[in-house]
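Visitor: I would like a close look at a single part of this protein, explained slowly enough for someone in the first year of study. Please take me into its nonpolar core.

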Amino acid sequence: MMYPYITLADETEITHSHMIDKDGVQTVEVHFERPTETGFASARCVLPSYQWKFNEGFSEKEMHFFNELLHHNAHLFYRYAAQGGIHCA
């Protein structure tokens with residue numbers, strides 16, 4: 001299951017997984033997706049290794065921005081993954 005995190009001004013939606021236990025390590029997958037004229041640009045990264053699973057359509061500059069965003073928000077992705085997404089009143 002993927003939970004919404006934020007939608008950026010350029011319509012890129014960022015979502016994250018629930019907490020995944022992989023070989024005793026708690027991981028979270030973060031997905032980036034933006035509509036294009038022909039479909040979607042998408043990329044996915046696994047925390048805490050910051051290993052990109054794929055990138056289809058995002059530029060190097062955008063990927064650098066996403067990487068910085070991940071490093072600054074990793075603690076939030078873990079918090080929200082543990083509680084089943086962001087709970088708003």
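Guide: What follows goes from the whole chain to the core and then to single residues. This is a predicted model, in which local features need pLDDT of at least 70 and side-chain atom pairs count only at pLDDT 80 or more, while totals for chains, interfaces and linings use all residues. Residues are numbered from 1 along each chain as its sequence is written, and side-chain values use heavy atoms, with hydrogens and water left out.

The protein chain has 1 helix and 6 strands, where helices (H or I, at least four residues) and strands (E, at least two) are DSSP runs numbered from the N terminus. Along the sequence these elements follow the pattern β-β-β-β-β-β-α. Of the 89 residues in the chain, 38% are buried, a word that here stands for under 20% relative accessible area, with exposed meaning over 50% and partly exposed in between (1.4 Å probe, protein chains only).

A nonpolar core is a set of buried Ala, Val, Leu, Ile, Met, Phe, Trp, Tyr and Cys residues joined through side-chain atoms within 4.5 Å. The largest such core holds 20 residues, and those that touch the most other members are I14, V30, F32, L47, F58, L70 and F77. Two or more residues come from each of β4 (25-36), β5 (39-47) and α1 (60-82), and α1 gives the most, with 10 residues.

Take V30 as the place to stop, a residue that lies in strand β4 and counts as buried because its relative accessibility is 0%. Contact means heavy atoms within 4.5 Å, and, leaving aside neighbours within four places in sequence, V30 is in contact with I14, T15, H16, A43, R44, C45, L47, L70 and F77. One of these, R44, is 14 residues away from V30 in sequence, yet the two are 5.6 Å apart in space, C-alpha to C-alpha.

L47, another of those partners, touches V30 in its turn, along with Q26, T27, V28, L70, A74, F77 and Y78, not counting residues up to four places away in sequence.

On another side of the list stands T15, which has its place in strand β2 and counts as buried because its relative accessibility is 17%. Again leaving aside neighbours within four places, T15 is in contact with M2, Y3, P4, Y5, E29, V30 and H31. Strand β2 (residues 13-17) pairs with strand β1 (residues 2-7) in the antiparallel sense over 5 bridges, and two strands pair if DSSP finds at least two bridges between them.
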